[in-house]
Protein chains: 2
Amino acid sequence: MDELHEHYQEVLSAVIEEYFITACPVGSKFVANNCPLSLSSASIRNIMADMEERGYLSQPHFSAGRVPTPLGYKLYIESILKTKKISRRQKENIKLKIDFSNNKDIKNILKQTIRSLSDVSHYTGVVLAPEVSVSKLLHIEFIKVGPHNILVVIIFEGGIVENRIILVDKNYDDDTLVKYSRKLNSIIEGHDHNLDELREIIIKEMLRDREDFYFILNKMFFDFNFNNNGEEDKDDYLLIGSEEILFDEPEFASHDKIKSLLKAFNDKKTIIKLLELTKEKKGTMVFIGSDTEWSEINGLTLITAPYKSKKGHAGGSIGVIGPARMNYSFVIPVVDYMAELLSEMIMI
Amino acid sequence: MDELHEHYQEVLSAVIEEYFITACPVGSKFVANNCPLSLSSASIRNIMADMEERGYLSQPHFSAGRVPTPLGYKLYIESILKTKKISRRQKENIKLKIDFSNNKDIKNILKQTIRSLSDVSHYTGVVLAPEVSVSKLLHIEFIKVGPHNILVVIIFEGGIVENRIILVDKNYDDDTLVKYSRKLNSIIEGHDHNLDELREIIIKEMLRDREDFYFILNKMFFDFNFNNNGEEDKDDYLLIGSEEILFDEPEFASHDKIKSLLKAFNDKKTIIKLLELTKEKKGTMVFIGSDTEWSEINGLTLITAPYKSKKGHAGGSIGVIGPARMNYSFVIPVVDYMAELLSEMIMI
DNA sequence: ATTAGCACTCGATTATTTAGAGTGCTAATG
DNA sequence: CATTAGCACTCTAAATAATCGAGTGCTAAT
């Protein structure tokens, strides 16, 4: 591939970029006319036949043009990931499209992020929320909302707030609850516990001392038992934007394709797996359908980037799902930049 | 229609019930064989021709069978609404399918309701959440989560909890915030104010007395300004379940149909309007697509029922969206019963 | 009022034809 | 030896034609 290297890249780019626009197989004639190489269509045919043998292109049927394969996209994307940076003007443009006008709570910020991702990229945005069960505790508060109803509010690092109303037998007064809140927070403060760790500590204390305080805590742990169902609950951390936006893409024009598309979206575990993978790495990642990593659906691509709260360890990842035939040089930097913006939004 | 009345009803039922199963136009021969009337197909043809003229049935094309019109459905549903009640066994069945195992916060309960609606009815569930901006306040709490970050938690009747992190210049200590919380709650307590009304009161006080307390409140009102965008924000109150479930229905097999289906779902304002209408009425309502009330899409039906918290005025409505060709005698009682169950779940 | 009989209509399905785009291969060229 | 013009070949998609059958409306008989 040595001396052909340049030719390969040029032809590949020409095919991919044209295929992005038309969604139709690209013929040798077109490539001959629209690519910097001054070669005849016959020469291009030779190159393309060779590239097909090596797995970068494929023919839908005998006498059609060529279409990029996942391997072809991969090669193409590598060069983009190295070179492309988002321009200042693009950044401004994106920022304009984002509506963070209202101060929102974290969950709404995540929702808003999905919407912005979709608006800007024209594909489906996804967000993996920070995982509550491993997040550090910031504060817990008991609030009386009825004679036998206590609202428990738990605040996690990253600004996630969870709440439940718990039922108790006794009619505690406000002062008692304030006292209990203080007592509990003095345990939490400055220790970076997560909920499970706190439970461990409390259980030990409880064996020694059996007062009402621990009764409420016990009830609390029961109602906030996030991962009792094992895997199941993780699904709630994955937020998926409007999938409909993809139905306009010609590759999903047929009924069968739409169904397989929806099947891919319903298979949340796989998407979560990839987003979690991204969370651990540093930068943007691209998963191409039928790739080794994402074999669930052919023709879809997932572009991901991690985000993280300024202070600490709370974080997750965001992404965009679109057709493999995608404007990578535009979308990749967008996802990257959105993750950056989101990181800035998470205050505590 | 006098002496034909019985015939009309029987034929209509036969057509609708068969059309529900096959989704194909129903011919006179079938009706003749499968309906209590002992009439020949020719007689049925006469009746059906007459019913078409009166608008209860229609022919997709000249030589096909007949299909019920919205008007036909309406007539059919009227008799169901009067007679059908859900059986105790069905109730048990539904209750089994509902997973309220984990004590959830109100928003998760609403989400769970949607999921159960979809599971039981096999159509798309929708829920209109209680409107926060008009809900009565129960409690407000300030919690320190950073040197300049205060988490404000507002609890509304119905158990809805909203929170925002607000930025302040001064570094308030915990005691001060507890004091402020108490002061504010003493204003709220027992007065059934909503957020807007509270704002009015605070603004008056503020003119007299300009201390830090009011500064924080001012910030709070700014960040919790729910309906500053007019209509826009109402969209957030509408939760829609998985729409994909409808794609299996034969009437949405074509690409065009799916797109018009999604268009109908995206037109949230219309759905919200109908759900709000239901909130004000007492019982179950049925809106048939291309009806006078819901002209947005042909072939869809929305069945709704209101729910309400035990104590007071917090409430909303739930519904199911499915094809007009729907098993009304099953779905209507289901929606009704689910609304009842949801009402029981809302504790405060 | 009801019904058997019959000619007729029109959509759905299948078969057939046609047009054209793009290929691979071969032989010629610098 | 890389490149290219020329040409026969392949296969799809679109257009056209043919066939089938379900269901109708109407008429005349009961």
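For my notes, helices (H or I, at least four residues) and strands (E, at least two) are DSSP runs, numbered from the N terminus. This is a predicted model, where local features need pLDDT of at least 70, side-chain atom pairs count only at pLDDT 80 or more, and totals for chains, interfaces and linings use all residues. Residues are numbered from 1 along each chain as its sequence is written, chains are lettered from A and ligands numbered from 1 in the order in which they are written, and side-chain values use heavy atoms, with hydrogens and water left out.

**Entry: DNA strand C**

I started with the protein surface near DNA strand C, where near means that a residue has a heavy atom within 4 Å of the strand. Helix α3 of chain B (residues 41-54) gives the largest share of that surface, with four residues. I counted 19 residues around the strand, and A:S28, A:S63, A:R66, B:S40 and B:S43 come nearest. On the DNA side, 69% of the strand C atoms within 4 Å of the protein belong to sugar and phosphate.

Next I looked up polar contacts (N or O pairs within 3.5 Å). The side chain of B:S43 has an N or O atom 2.6 Å from a phosphate oxygen of strand C. A:R45 places a side-chain N or O atom 3.2 Å from a base nitrogen, and a polar side-chain atom of B:R45 lies 3.4 Å from a base oxygen.

**Entry: chain A**

Chain A holds 12 helices and 10 strands. Its radius of gyration (over C-alpha atoms) is 26 Å, well over the 20 Å that the globule rule (2.2 Å times the number of residues to the power 0.38) gives for 348 residues, so chain A is more spread out than a compact globule. I also noted a C-alpha trace spanning about 85 × 40 × 35 Å along its principal axes.

Definitions and conventions: Polar contact = N/O pair within 3.5 Å; in protein donor to acceptor, adjacent residues only side chain to side chain.
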